[in-house]
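Visitor: I've got a structure open here and I'd like to ask you a few things about it. Can we go through it together?

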Amino acid sequence: MMPYQGYQVYQAERTKTAAEIRRADEQLGHMAENVSRLWQHAIRPIALLRGQDRQPACSTLLDATR
């Protein structure tokens, strides 16, 4: 095992503080936001070709029942 791997194991197994957990959650949230934005940007041409608007599918179902 390489020295850095030992440190990674230590970091993975040690108990995290509440602040560290919050910070990790914030970072994951920002990453998910960026991935979602990139995905929407990537599929937008496909949605425009199909004639779909940017409403979620569930909102179409709600409009149909009214």
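Visitor: Is Glu-20 buried, exposed or partly exposed?
Guide: This is a predicted model, so the answer rests on a computed surface. To be buried, a residue needs under 20% relative accessible area, and to be exposed it needs over 50%. Glu-20 comes out at 31%, so Glu-20 is partly exposed.

Visitor: Which residue forms a salt bridge with Glu-20?
Guide: Side chains of opposite charge can pair when their charged atoms come close. In this case the closest N and O atoms are 2.7 Å apart, and the cut-off is 4 Å. The partner is partly exposed as well, with a relative accessible area of 25%. The residue you're after is Arg-14.

Visitor: How many salt bridges are there?
Guide: Besides Arg-14 with Glu-20, there's Glu-26 with Arg-23. Then you can add Arg-37 with Glu-33. The count comes to three.

Visitor: How far apart are the closest N and O atoms of Glu-26 and Arg-23?
Guide: Start with where they sit: both are in helix H2, which covers residues 18-50, and because they're three residues apart there, about one helical turn separates them. Glu-26 is partly exposed at 44%, and Arg-23 is partly exposed at 47%. A salt bridge here needs the nitrogen within 4 Å of the oxygen. For this pair, the closest N and O atoms are 3.8 Å apart.

Visitor: And what's the distance for Arg-37 and Glu-33?
Guide: These two also lie in helix H2, four residues apart, about one turn of the helix. Glu-33 counts as partly exposed, at 40% relative accessibility. The closest N and O atoms of this salt bridge are 3.2 Å apart.

Visitor: Let's move on to the rings. How many aromatic pairs are there?
Guide: Rings pair up if their centres lie within 6.5 Å. Tyr-4 and Tyr-7 make it at 6.4 Å centre to centre, and Tyr-7 and Tyr-10 make it at 6.2 Å. That brings the count of aromatic pairs to two.

Visitor: Is the pair of Tyr-4 and Tyr-7 stacked, edge-to-face or tilted?
Guide: Because these tyrosines are three residues apart in helix H1, they're separated by about one helical turn. Planes under 30 degrees apart would be stacked and planes over 60 would be edge-to-face, with the rest called tilted. Here there's 35° between the planes, and the pair is tilted.

Visitor: What angle lies between the planes of Tyr-7 and Tyr-10?
Guide: Tyr-7 and Tyr-10 both lie in helix H1, three residues apart, about one turn of the helix. Their pair is tilted too, and the angle between the planes is 35°.

Visitor: Which residues do the ring pairs link into a cluster?
Guide: One pair joins Tyr-4 to Tyr-7, and another joins Tyr-7 to Tyr-10. Follow the links along and you get a cluster of Tyr-4, Tyr-7 and Tyr-10.

Visitor: How big is the nonpolar surface patch made by those tyrosines?
Guide: A residue needs over 30% relative accessible area to join a patch. Tyr-4 is exposed at 56%, while Tyr-7 is partly exposed at 46% and Tyr-10 is partly exposed at 48%. Tyr-4, Tyr-7 and Tyr-10 make a nonpolar surface patch of about 400 Å².

Visitor: Now the whole chain. What share of its residues counts as buried?
Guide: The accessible surface comes to about 6400 Å², of which 62% belongs to carbon and sulfur atoms. Buried means under 20% relative accessible area. Of the 66 residues in the chain, the share that counts as buried is 3%.

Visitor: Which helix has the lowest confidence?
Guide: The chain has three helices and zero strands, so there are three to compare by the DSSP-based numbering. Overall the pLDDT averages 84, and 76% of the residues score at least 70. Confidence is highest in H2, at 92, and at the other end, with a mean of 59, is helix H3.

Terms used: Residues are numbered from 1 along each chain as its sequence is written. This is a predicted model: local features need pLDDT of at least 70, side-chain atom pairs count only at pLDDT 80 or more; totals for chains, interfaces and linings use all residues. Side-chain values use heavy atoms; hydrogens and water are left out. Patches are made of residues with over 30% relative accessible area and no salt bridge: like charges are joined within 9 Å, nonpolar side chains (Val, Leu, Ile, Met, Phe, Trp, Tyr) within 5 Å. Accessible areas come from the Shrake-Rupley method with a 1.4 Å probe; for residues, only the protein chains shown count as cover. A salt bridge is a side-chain nitrogen of Lys or Arg within 4 Å of a carboxyl oxygen of Asp or Glu. Buried means under 20% relative accessible area, exposed over 50%, partly exposed in between (1.4 Å probe, protein chains only). Rings of Phe, Tyr and Trp (its six-membered ring) pair if their centres lie within 6.5 Å; planes under 30 degrees apart count as stacked, over 60 as edge-to-face and the rest as tilted. pLDDT is the predictor's confidence in each residue, from 0 to 100.
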